[in-house]
Every structure is written in structure tokens, then in C-alpha cells.
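Work through the exercises below with the structure in view, trying each task before reading its solution.

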Amino acid sequence: MTVTSRGTLPSYLTEGPAVFPEGFVWGAATASYQIEGAAQEDGRGVSVWDTFSHTPGKVASGHTGDVACDHYHRYPEDVALIADLGLEAYRFSVAWPRIQADGAGPVNPLGLDFYDRLVDALLARGVTPYTTLYHWDLPQALEDQGGWTARDTAYRFAEYAAAVHARLGDRVTHWTTLNEPWVTAFLGYGTGVHAPGRTGAAPALRAAHHFLLGHGLAAQALRSAGAREVMLVVNSSPVITPEQVADPAAAMSEADAEAVHRVDCLLNRQFLDPVQRGAYPEEVLRIAERHAGLGHIHDTDLRDIHQPADVIGVNYYNPCVVRSGPGRPANLAFPGTEDIEFADAGVPTTQMGWPIVPTGLSRMLARLSADYPEAGLMVTENGAAFPDTVTEDETGPRVHDTDRVAYLDTHLRAVHAAVSAGADVRGYLVWSLLDNFEWAEGYHRRFGIVHVDFATQRRTLKDSGLWYRDVVRENGVV
């Protein structure tokens, strides 16, 4: 059964061709811990996700990323898949523990050798590498010293960024500092459902600030070394009321508007305003002062953080739906949200339980382009987990993932609508190239356009992959 109810969507998301401008970039994304495996090879150190996933009860079924998709050994096969799909870009992340086992000191040449080989293999097939320096796999040794709640981690991150650029910068021109700092700060240090599994409003807010400091210091190091493009990737979600899910223009009460504003400051503006504008929203400072104090924000920090991204990477999966909720306690992932209800969207969901609202993507892209016109935009992640079934026909194994095709179709049309309205969106990277280790869900959730049999490591292109190949060929949904 297709869970995307096309009959409830506006016609621009369901009808007619959606052809993108010439030069629009098509690609796919992955992350190191989710696909690489080889957790103890060639001098790689221990990451917080190694520790977290090996702690009983933290990850579904006790799954770990020890092997994952074995991309460390099978990258030539995966690069061939990327090229056969006609993709122009591949976003991958570098595993910090491969480069510096303890997060500091001399670099590990064997770790850098792997990314050397990967970049060269991509370029040989005409695929542009988009390198992310941090996708959540902090070296455990740094976490033992305070992790992102400690200022020093930001300085170590900048040194690591410079070391990777020194090796790959002659061939890589697109650099992302951080992936989704909100997730790591507030799910890793706030609710504890992600690594390193710490809890509390104070550590989450301090970690969020130090992530931003890390971005700023790393951006300065990259640019001083000649990096052409620096990106910051955020999990941008429009914060809307339940009524606005179906009608984006629906009016809000004064109380609902205040709830929307407060959550938007915490989710979106807490990260983008300091980087792009050099200042925190006053709402964020009030909440931080109440829960963590402001002693961790030093006088020169905002000057260092204010290193505007050339391109803002947008990871979109669903909107954040809230309304006024007098008497409700704060959501643990959003300190300072007392008297706010995090509401049900009232629409079909993916297997992750995330509401399917493609209009939220067009809305978010238009808003970001208006708020931060100095930066271009790229959809750096967008995709969905659904139960997949492998069947056999005369051509071999097949995965008829109709739900995922419908999801991607409507979301690509949403991107096209934003572009047509003037948003400076330069490309789209589907999440994900491969089924992989899905963090706390282990291997129970599949996002890939390529199916992976984790017992045999056999790759099978899903129907969504075949569909996406046609999209790339046609430069749009036709």
C-alpha cells in the first residue's frame, strides 16, 4: 500500500513535468560510520558510536557498525554503482578516528590513504566528491575529555579539518564542516538516544555552542588553505501548527505563534543565525542562560563562529508540528519549551514515524533563501525508510519500493516549486545511496535506493534507484 496520499497534495506536487535548470547537481549521500565497517583496521581509533552501539540496550537488536556495508573494502563496487546511476555528486563523510585515533596529534596515513583512493575513484568516473568532515563519529578519547561540552574539542576539530584538507584539497573543492549539529547536541547530549548517550539541557546547550565554534574555526582553516566552497549542513524543518500541515497559509493564534517562534529559534535559528549573521536569537540566549549559564560563550566566540557558509546544506525529512500547550513540560530535545505541545501532523508517515509533508520542503527552501540570501542552498539529504521486500523474477532480485518512489517524486517536485519561486537551490542528494546502519534503529530501517543484503553484502538496485536514474538522465521528474 502506498502511504503517500497523492490525492491530498496540491497539484504542483502530483501533476506535469518538473524539469530543473541546466547545471542542477544530482547525487547521493552516505556517512562513514553507517557504511564503512572495518572498525578496527588500518589504525582506526574508537568512536563514540563504537562505544554506544556496543553498550547493551542502546541500539536495536544490539546492532553495531563494525561491518555495516563493508564500504571500506567494497568502495570500487559502490563507486561503479554511483557512476552507473549517472550521478554527478557523491557526498561522503570522513571518519575522524581513521585520521586521528585519539582525535589529536599526528595523522594516520593509512586512514587518509582510504579517502585518497575513494576520491580518485570518484573523479575517474566523473563524479564530484562532496566531503563532510563530521557526521557524528567523534573519537572516544575526546569524549572522555568532555566531548563537545568542552571547548577544546572545537580546536581539535579545526586541526583535523586542516589535516584532511592538506591531503585531499588538491582534488576536493566542496567541504562540509558539520552534519546536523542539532541532532548530535540535543539527541546525543540532551536526550541520550544517540551517542555519546549523555543527558541534560546544560550539556546539550554547551555542546551546541561548541559545535558552532568548531564550524567557525574549521571554516577559517579550510579557507586559509584554499578551500573553494564551505558548507554547513543542518536538519532544517519548518515549524508549523497542525492546521498549517494542510494549509500553509492558515492563521495562528498569538499563543501558537509564540510556540512556533520559540521552537524555530531552537531548531533552526540557533545554528544558522550565529554562522550567517554573527548573533544568537535572544530567545536562545534566554533559554541557554536559564539552563546552562552563558559562561561557555566567550567574548570572541561569535566573531569566530561568524564564518558564513557559501552553501547551506538542507537535510529535510519532515516538519516540526507544534501548538500552544499550557501546563505541558518541556520536550527533552528542546530545552525551554514548557507550555508547548509537539503535535501529531495527522498525515501518513514513513516507517520511522515521520510525517510525509513534501510542502514543508518547498516552504523551508523558500524561507532559507529569503533569510540568508548570501548563501546558496543544496538539498543534502532527503529520503524515506519503508519496509522493503526482495523478490525474484527472470532478471534476478528486485525491490518494488513504490512508497519510496512516491515519496521522492513529491519531494523533488517540492524542490522544483521552490526553484521556480526563486530559491537558489543548486542540487539534490538523495538519502541514501545504500541501506545502512541507521543509528539507534540498527539495520531495521532502510533508506537506500540500493538494497544491501547485510549477510552477503550483495547490492540490488531498487525500483527507486532505477527511477532516480531516469530523473538524473532527464534532469527532472517527467
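## Exercise 1: a hairpin

Strand β15 (residues 450-453) pairs with strand β16 (residues 458-461) in the antiparallel sense, over 4 bridges. The model is a predicted one.

**Task.** Find which residue of β16 is the bridge partner of D453, and which residue of the hairpin takes a positive phi.

**Solution.** Start at D453 and cross to β16, where its bridge partner is R458. Next, look at the 4 residues that lie between the strands of the hairpin of β15 and β16, where Q457 takes a positive phi near 65 degrees. For background, most residues other than glycine have a negative phi.

## Exercise 2: the barrel

**Task.** Determine how many strands make up the closed barrel and in what order they run, and then find the bridge partner of T131 in β5.

**Solution.** Following the strands around the closed barrel gives 8 of them, in the order β2-β3-β4-β5-β6-β8-β11-β14, with parallel pairing. Neighbouring strands of this sheet are turned against each other by 25 degrees on average, with direction ignored. To look at one pair in detail, take strand β4 (residues 128-134) and β5, which pair in the parallel sense over 4 bridges. Within this pair, T131 has W175 in β5 as its bridge partner.

## Exercise 3: the open sheet

**Task.** State the strand order of the open sheet of 3 strands, explain why one side of β7 and of β10 is left without a neighbour in the sheet, and say which helix packs on the sheet.

**Solution.** The order of this open sheet is β7-β9-β10, and its pairing is mixed. Because β7 (239-240) and β10 (340-342) stand at the edges and each has a single partner strand, one side of each is left without a neighbour in the sheet. Turning to β7 and β9, these strands run parallel and are joined by 2 bridges, and I240 stands opposite V321 in β9. Helix α11 (residues 254-277) packs on the sheet, where it touches β7, β9 and β10, and its direction makes about 140 degrees with that of β9.

## Exercise 4: the largest pocket

**Task.** Describe the largest pocket by its volume, by the residues that lie nearest its centre and by the kinds of residue in its lining.

**Solution.** Begin with the volume of the largest pocket, which is about 1,100 Å³. Its lining has 41 residues, and W182, V183, L187, N318 and W354 are those nearest the centre. Sorting the lining residues gives 24 nonpolar, 12 polar and 5 charged. Finally, α8 (181-188) and β9 (320-324) each supply at least two residues of the lining, and the largest share, 3 residues, comes from α8.

## Exercise 5: a salt bridge across the sequence

**Task.** Find which residue forms a salt bridge with R171, and work out what parts the pair ties together.

**Solution.** The structure holds 37 salt bridges. In one of them R171 is paired with D120, and the closest N and O atoms are 2.9 Å apart. R171 lies in the loop between α7 (152-168) and β5 (174-179), while D120 lies in helix α5 (residues 109-124), so the pair ties together parts that are 51 residues apart in sequence.

## Exercise 6: unusual backbone

**Task.** Locate the cis peptide bond that ends at P196, the one that joins W431 to its partner, and the loop that holds A38.

**Solution.** The bond from A195 to P196 is cis, with omega near 10 degrees, and P196 lies in the loop between α8 and α9 (201-224). The cis bond from W431 leads to S432, with omega about 5 degrees, and S432 lies in the loop between β14 (425-431) and β15. A38, although not a glycine, has a positive phi of about 50 degrees, and A38 is found in the loop between α1 (32-35) and α2 (48-53).

Key
Residues numbered from 1 in each chain as written. Predicted model: local features only at pLDDT ≥ 70, side-chain atom pairs only at ≥ 80, totals over all residues. Heavy atoms only, no water. 1 Å grid on protein atoms, 1.4 Å probe; cavity = no way out; pocket = protein on both sides within 12 Å on 5 of 7 lines; lining within 4 Å. Points joined across faces, edges and corners; volume = space filled by probe spheres on them. Nonpolar A, V, L, I, M, F, W, Y, C, P; charged D, E, K, R; others polar. Pairing = 2+ DSSP bridges. Contact = heavy atoms within 4.5 Å. Axes fitted to C-alpha atoms, helices over the stretch in contact; angles between N-to-C directions. Salt bridge = Lys/Arg side-chain N within 4 Å of Asp/Glu carboxyl O.
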